[in-house]
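I sat down with this one and a blank page. These are my notes, in the order I looked things up.

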Amino acid sequence: MDNLKLKASYGAVGNDNLGTYYAYQGLYQTGMNNYTDPGVLVSRLPNKDLKWESNLQLNFGLEFAVFNKLSGSVEWFNRKPKDLLFSLPMAPSTGFGGIDRNVGDVKNQGVEFSLNYAAISNKNFKWTIDLNGTSYKNRITKLPQKEINSGVFKWREGESRYNFWGVEYAGVNKETGNDQYWKNVYETNEKGEKVVKERVLTEDYNEVTSDSQMKYLGDAIPALFGGFTNNFSYKGIDLSFMIYYSIGGKLYDSDYAQMMSYRTGYSMHPDMLDSWTPENTDAKFPRLSNAYANYLGTYTSKFIFNNSFARLRNVTLGYTLPKSFTSKYGINTLRLFVQGDNLVTIGSAARRGTDPEQSVSGTTSNRFPTTKSFSFGLQLNL
């Protein structure tokens, strides 16, 4: 054992970012006149109880080094954002879309690790391997009400903040070529409670749009994500590459959904070639029809995918000229290098043409994808 260290920390960080100033104050909009009589309109409701969001963090860790070859660290963390700032939706009849409030508490609990291994180390050749990863769970621990619908998510205590909520897709009807969805059929039990009696298939999307027909469709947070790096050097030549990986987690690919819609004048994804026809009844996608065109790209589990992927983030090859040569010209070191970034991505999102590295919410937003790039240069030290 070359080194062993235990560590612990606790701290708190505040946040007041709601995208606006003085969010606790009400705002009034002028110009709401009644002919010649001037008028104002309440445009934002005040909330005198609004306070900062707090992020409480507790960490316990271990650092170690053994055999003069392997070193690393393992850390357990428990992060508790409290009094989350959010615009709480309001009924349309109030005339307001929402009010800024501290809506609840969340817990992020997990483990981070980092390993470094000196595989080979001698006079001419060196090879080191670095591996790091993070795994954590997100859970809502407190809400001001039983549940809150937030876009493609439903927030409930005990559930992840990024657990998708929506209609469960059931594939293509081989006889008609139309999309199918799972529909809940309810009955009332002896206690007077509505319970699901059975689940049946329906082609009518309007029959499954109510909240009682929806279910949780998967968490956007991956089970494990991190990086894997190798560094090689032989005399004056050096080579390194870094792979970023993410295992598990769901992605709602709305970009792909748009391209899988039948819209006149818009480009479509090549996957549309596998649409249902009388000769291709085993097709993965429904028939192209103006009658159903508005539903082909509708948000359902059809467009929620496993987002496991690996990306070759960086490759660098360099050569450092011998000092016996550079010293003749008053140069200490001279290194030439060539570098490539984001050269290869493996995963289902890459096949669809989508960048798998999206926001933590696991939703796409028509953003420009990560680009491949090549560069070269020299590093000179006099």
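**Salt bridges.** Before I start: I call it a salt bridge when a side-chain nitrogen of Lys or Arg is within 4 Å of a carboxyl oxygen of Asp or Glu. What I have open is a predicted model. Side chains of opposite charge can pair when their charged atoms come close.

I looked up Arg 313 and Glu 357, and their side chains do meet in a salt bridge, at 2.9 Å from N to O. Arg 313 sits in strand 21, while Glu 357 is in the loop between helix 3 and strand 23 (373-381), so I noted a link between distant parts of the chain, 44 residues apart. Are the two partners buried or exposed, or something in between? Arg 313 is partly exposed at 26% relative accessible area. Glu 357 is also listed as partly exposed, at 22%.

How many salt bridges does the rule give? The count comes to 19.

Next I went to Lys 51, which pairs with Asp 83; their closest N and O atoms are 3.7 Å apart. This pair, too, links distant parts of the chain, 32 residues apart. Lys 51 is in the loop between strand 3 (40-44) and strand 4 (53-66), and Asp 83 is in the loop between strand 5 (70-82) and strand 6. Lys 51 counts as partly exposed, with 46% relative accessibility. Asp 83 counts as buried, with 18%.

Then I checked Asp 271 and Arg 351, a salt bridge with the closest N and O atoms 3.0 Å apart. Asp 271 lies in the loop between helix 1 and strand 20, and Arg 351 lies in helix 3 (residues 348-352), so this pair ties together parts that are 80 residues apart in sequence. Asp 271 is buried at 14% relative accessible area, whereas Arg 351 is partly exposed at 49%.

**Positive phi.** I came back to Asp 83 for its backbone. Its phi is positive, about 55°, although Asp 83 is not a glycine. Where else did I find a positive phi in a residue other than glycine? Asn 366 has one, near 55°. Asn 366 is in the loop between helix 3 and strand 23. Asn 366 is exposed, with a relative accessible area of 54%, whereas Asp 83 is buried at 18%.

**The cores.** Now for the inside. Which residues have the most contacts inside the largest nonpolar core? They are Trp 155, Phe 164, Tyr 252, Tyr 299 and Phe 303, in a core of 29 residues. I wrote down the elements that each supply at least two of its residues: strand 6 (85-89), strand 9 (125-142), strand 11 (153-156), helix 1 (254-259) and strand 20 (304-306).

I picked Phe 303 for a closer look. Leaving aside neighbours within four places in sequence, Phe 303 is in contact with Leu 251, Tyr 252, Asp 253, Tyr 256, Ala 257, Met 260, Leu 296, Gly 297 and Thr 298. Apart from the largest core there is another one, of eight residues, including Val 167, Tyr 205, Val 208 and Ala 283.

**A nonpolar patch outside.** On the surface I found a nonpolar patch of about 690 Å². Tyr 234, Ile 237, Leu 239, Leu 317, Tyr 319, Val 338 and Phe 376 make it. Strand 18 (237-247) and strand 21 (309-320) each supply at least two of the patch residues. Tyr 319 is one I looked at singly: it lies in strand 21 and is partly exposed, with a relative accessible area of 38%.

Strand 18 also holds Ser 240. Why do I file Ser 240 as buried? Its relative accessible area is 15%, and buried means under 20%. Beyond its neighbours within four places in sequence, Ser 240 is in contact with Asn 230, Asn 231, Asn 314, Val 315 and Thr 316.

**Lys 323.** My last stop was helix 2 (residues 323-326), where Lys 323 is found. Lys 323 counts as exposed, at 53% relative accessibility. What does Lys 323 contact, neighbours within four places in sequence aside? Asn 332 and Thr 333. Lys 323 and Thr 333 are 10 residues apart in sequence, and their C-alpha atoms are 6.7 Å apart in space.

Conventions. Residues numbered from 1 in each chain as written. Predicted model: local features only at pLDDT ≥ 70, side-chain atom pairs only at ≥ 80, totals over all residues. Heavy atoms only, no water. Core = buried A, V, L, I, M, F, W, Y, C linked by side-chain atoms within 4.5 Å. Buried < 20%, exposed > 50% of the residue type's maximum accessible area, 1.4 Å probe, protein only. Helix = DSSP H or I, 4+ residues; strand = E, 2+ residues; numbered from the N terminus. Contact = heavy atoms within 4.5 Å. Patch = residues over 30% accessible without salt bridge, like charges linked within 9 Å, V, L, I, M, F, W, Y side chains within 5 Å. Areas by Shrake-Rupley, 256 points an atom, 1.4 Å probe, with all protein chains shown as cover.
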